[in-house]
Amino acid sequence: MELSEAYQFGMIIAMGAAFITFLGFAREKRDLHRLVISDMVAGITLVIVAIVGTDLAECLILPTLVVSVAEVLAIAEILIHKEELKLREEGVIISTPNYSPLGIEVFQSSSIIVALILIIYGAILTGFTGGAVAGVGMVYYLLTRWDGKITKDFWDGISSVSGIAWTLWLVGFLLFFIVPEFWLFALFLSGGGLVVKVATKFGLIGIEGRDSMRGES
Amino acid sequence: MKWMDKAWMILSDPKELPKIFAISILFVFFVGILLNYPYYPDQLYPKSFELSGLYPYDRGGTPLKEPAKIVAQYPQNSEMIGWITSYLTPFSSWLASKTLYLGTTIVSHPGGIVDEILYYTRGLDTVLESSIMMMAFLIVGFLIKLKRGG
Amino acid sequence: MLEGIGGEILGVIRFGDIVPYITPFTLSMFILALTLTVLLALAKPENQILMVFGKDKYSLIKPTIEEMKFRRFMVIVCGLALSGAMITGDLFNFTLFVTLVGITNIGIIAAVRRPYVLEAAFQYGLICTLASLPLFGAAAIVLGTAGTLSLHELETLSVLPMAKILLAFGVAGETGIAPFYAAKAEVFRAPGAPYILMVHLSAIMVVIRTAEILLLL
């Protein structure tokens with residue numbers, strides 16, 4: 001198939017998919033389901049960008065994906081918060097359901113070296129994917145072995161590390177244009193900053209997940 | 001003008017708004033299915049398919065010796081264009097010489113065409129994208145903190 | 001065409017493929033956005049007094065300092081994103097700036113702990129997520145059919161009307177203008193006056209800038 005034919009065909013499919021999804025969204029009344037459908041909309045956006053089929057399109061996928069993930073993340077938390085506040089105003093006492101923990105054995109017996117390998121491999125990879133791999137390593141460690149509590153200071157500290165890593169990346173970006181001769185240094189500054197930034201965020205989300213898994217608030 | 005009263009009433013309810021937005025754009029997508037989309041033949045950053053350790057992301061060049069040839073929008077604005085594309089860490093080039101499948105993970109190794117575009121020629125996009133993620137994370141973090149009462 | 005709409009180009013900033021440009025039009029909008037950001041960042045937040053209807057009573061709503069700090073930070077980021085959107089010279093970059101404005105708007109609203117405000121914030125967030133499809137879809141269609149994203153090149157090329165319509169829809173949803181305005185209007189009842197202004201202002205200025213881009217395409 002010619003590229004132009006493929007593009008035409010793909011666009012028709014994408015537009016049809018968008019039509020169906022928006023129709024489904026318009027018919028849906030429950031908030032949670034609407035949230036899920038809006039995530040599907042983001043998937044179709046990715047298709048429309050990816051159809052262009054060049055290296056540039058491949059790179060534009062990343063911002064598009066992150067934007068949709070960010071928006072869904074934010075409004076999902078707002079939804080939880082909103083429903084809780086509503087229940088509290090109605091006088092319903094929200095209690096975590098009473099259950100005995102599953103006590104999955106592998107959580108205690110798993111070897112910690114897996115986490116170490118993941119973190120080291122993530123550091124070698126650098127960039128978004130490296131950050132994700134290292135982050136999974138951190139989550140693995142936090143879920144299985146770490147017993148500490150999140151205090152305010154701890155949360156703030158980890159977020160600050162993430163923020164500082166982000167500024168490192170900004171420095172890298174500016175170096176590319178101020179001193180182009182240092183491109184290799186700037187590349188590693190950018191990649192390294194990203195690893196730390198993504199990994200720390202994964203870690204924080206991991207702790208949050210662990211606490212709700214164990215039924216603690 | 002009863003219908004107008006009704007329309008204003010519907011528009012004034014925040015709960016109905018996403019639905020109205022979805023319905024109003026449905027027509028556009030319906031027209032979109034019937035349209036003709038002419039594909040521009042000379043795209044920027046085109047793909048090429050050479051069988052090597054970096055397939056399908058091999059754009060030529062040798063690490064630290066010779067830059068790759070990149071079709072950018074404004075090559076004159078990026079002086080060192082092509083160097084990042086051709087760069088591979090010693091570990092990655094060792095892997096590339098051993099296997100044909102390194103290309104599938106080139107996104108995550110330092111160097112390569114994707115890093116060139118993401119960090120260098122369109123770096124501002126990536127800066128913005130990460131700030132969007134950071135803002136979402138801040139909102140979530142703030143709401144969780146409120147919930148924990150800290 | 002660039003000269004025709006915004007006046008003569010006074011200068012460009014070269015960030016690789018993304019070339020923000022300064023004309024009298026974009027420069028004045030840029031300065032306006034920055035000035036308002038500085039003013040709002042320095043302004044003191046209000047305390048809201050609610051009168052109880054039919055009785056001789058009132059209640060004073062005092063937002064916490066924590067909340068106000070968070071909202072002020074969101075306002076500053078929103079203002080910076082806004083001024084960036086005014087001078088950017090790349091279509092995809094513009095859509096990202098608009099999304100950043102949208103998500104910080106949600107952030108300004110979401111910090112308020114009131115069910116009706118959070119309800120409105122959630123609905124506005126849903127529209128934002130839906131609007132990311134027409135917004136990024138428009139940029140991707142322009143890239144696919146015209147072969148470039150730079151506004152400097154696009155002024156001489158013709159673009160599918162479809163892309164223009166999608167861009168207009170995307171910006172309308174992302175900033176929540178006229179027909180989809182109620183979600184934002186609900187928010188203005190919330191305490192915290194000066195920061196709410198940013199939600200207004202960003203919508204207006206982004207729409208003006210979008211008008212320039214639509215004329216140019």
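**Exercise 1.** Find where helix 5 of chain C bends, and state which proline follows.

*Solution.* Start with the term: helices are DSSP runs of H or I with at least four residues, numbered from the N terminus. Next, take the bend at a residue as the angle between axes fitted to the seven residues ending there and the seven starting there. By that definition, helix 5 of chain C bends by about 30 degrees at C:A131. The proline C:P134 follows within four residues.

This is a predicted model, in which local features need pLDDT of at least 70 and side-chain atom pairs count only at pLDDT 80 or more, while totals for chains, interfaces and linings use all residues. Residues are numbered from 1 along each chain as its sequence is written, and chains are lettered from A and ligands numbered from 1 in the order in which they are written.

**Exercise 2.** Compare the span of helix 5 of chain C with the expected span, then state what follows the helix.

*Solution.* The expected span is 1.5 Å times one less than the number of residues. Helix 5 covers residues 115-146 of chain C, 32 residues. From first C-alpha to last, the helix reaches 46 Å, close to the expected 46 Å. After helix 5 of chain C comes C:G147, with a positive phi near 80 degrees.

**Exercise 3.** Decide whether helix 5 of chain C is largely enclosed or not, and describe the core to which the helix contributes.

*Solution.* A residue is buried if 20 or more other C-beta atoms, placed from the backbone, lie within 10 Å of its own. Of the 32 residues of helix 5 of chain C, 30 are buried, so the helix is largely enclosed by the rest of the structure. A nonpolar core joins buried Ala, Val, Leu, Ile, Met, Phe, Trp, Tyr and Cys residues through C-beta atoms within 7 Å. The largest such core has 170 residues, and C:A121 is among those with the most contacts inside it. Helix 5 of chain C gives the most to this core, 21 residues.

Now take C:A121 alone, with contact meaning C-beta atoms within 7 Å. Leaving out residues up to four places away in sequence, C:A121 touches A:I78, C:I106, C:I109 and C:A110.

**Exercise 4.** State how many residues of chain B and of chain C are in contact, and which helix of chain B gives the most.

*Solution.* The contact involves 43 residues of chain B and 44 residues of chain C. On the chain B side, helix 6 gives the most, with 14 residues.

Notes: Helix = DSSP H or I, 4+ residues; strand = E, 2+ residues; numbered from the N terminus. Buried ≥ 20, exposed ≤ 12 C-beta atoms within 10 Å, placed from the backbone. Contact = placed C-beta atoms within 7 Å.
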